[in-house]
Amino acid sequence: MADEIRAEMVANVWKVVAAAGDSVDDGDTLVILESMKMEIPVLTERAGTVRELHVVEGEVLQEGDLIATVVAG
């Protein structure tokens, strides 16, 4: 089963921390967003493997845009 991690607000992708194929634990940071001069980490909600990152640094995201897909396991 895969989790789709989506943007919760309009923001810029400030830094991509994880990469496709990385193993992640619950609470690990995948990317850091910037909105209104605040840095907002995007965290995983369960352990697994990053199947795909759908963003690049500097990209502007809209609310609901897909950031990453994480496969449990």
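1. Two salt bridges are counted in this structure. The model is a predicted one. Both pairs involve strand 1 or its surroundings, and they are taken in turn below.2. The first to look at joins Arg46 and Asp3, whose side chains meet at 3.3 Å, N to O. Arg46 sits in the loop between strand 5 and strand 6 (48-53), while Asp3 belongs to strand 1, so the pair ties together parts that are 43 residues apart in sequence. How covered are the two partners? Asp3 is buried, at 18% relative accessible area. The cut-off for buried is under 20%. Arg46 is partly exposed, at 35%.

3. The other salt bridge is between the side chains of Arg6 and Glu4 (2.8 Å, N to O). Arg6 is partly exposed, with 39% relative accessibility. Arg6 comes up again at the pocket, in point 9.

4. Next, the sheet that holds strand 1. Four strands make an open sheet, in the order 1-8-6-3, with antiparallel pairing. Which strands stand at the edges? They are strand 1 and strand 3 (23-24). Each has a single partner strand, so one side of each is left without a neighbour in the sheet.

5. Strand 1 and strand 8 run antiparallel and are joined by five bridges. Asp3 stands opposite Val70 of strand 8. Asp3 thus has two roles to note: it faces Val70 across the strands, and its side chain meets that of Arg46 in a salt bridge. In a regular strand, side chains alternate between the two faces of the sheet.

6. Strand 4 deserves its own point. Strand 4 covers residues 29-35 and is mostly covered, with five of its seven residues buried. Strand 4 pairs with strand 2 (residues 11-16) in the antiparallel sense, over four bridges. Here Lys15 has Ile32 in strand 4 as its bridge partner.

7. Strand 4 is also joined to strand 5, by six bridges, and these two run antiparallel. Glu34 has Glu39 in strand 5 as its bridge partner. The two strands form a hairpin with two residues between them. What is notable about Met36 in this hairpin? Met36 takes a positive phi near 55 degrees.

8. The loop between strand 5 and strand 6 holds Thr44. Arg46, from point 2, lies in that loop too. Is Thr44 buried or exposed? Thr44 counts as buried, at 4% relative accessibility. A polar atom of the Thr44 side chain lies 2.6 Å from the backbone oxygen of Asp25.

9. Last, the largest pocket. Its space is about 310 Å³. Lining it are 17 residues, and the closest to its centre are Ile5, Arg6, Glu8, Val42 and Leu43. Which elements give two or more residues to the lining? They are strand 1 (2-6), strand 5 (38-43) and strand 8 (66-72). By class, the lining has ten nonpolar residues, six charged and one polar. A probe the size of a water molecule, rolled over the atoms, shows where empty space is left.

10. To recap the links: strand 1 and strand 8 are joined by five bridges, and both of these strands give residues to the pocket lining. Strand 5 gives residues to that lining as well, and six bridges join strand 5 to strand 4.

Methods: Residues numbered from 1 in each chain as written. Predicted model: local features only at pLDDT ≥ 70, side-chain atom pairs only at ≥ 80, totals over all residues. Heavy atoms only, no water. 1 Å grid on protein atoms, 1.4 Å probe; cavity = no way out; pocket = protein on both sides within 12 Å on 5 of 7 lines; lining within 4 Å. Points joined across faces, edges and corners; volume = space filled by probe spheres on them. Nonpolar A, V, L, I, M, F, W, Y, C, P; charged D, E, K, R; others polar. Pairing = 2+ DSSP bridges. Buried < 20%, exposed > 50% of the residue type's maximum accessible area, 1.4 Å probe, protein only. Salt bridge = Lys/Arg side-chain N within 4 Å of Asp/Glu carboxyl O. Polar contact = N/O pair within 3.5 Å; in protein donor to acceptor, adjacent residues only side chain to side chain.
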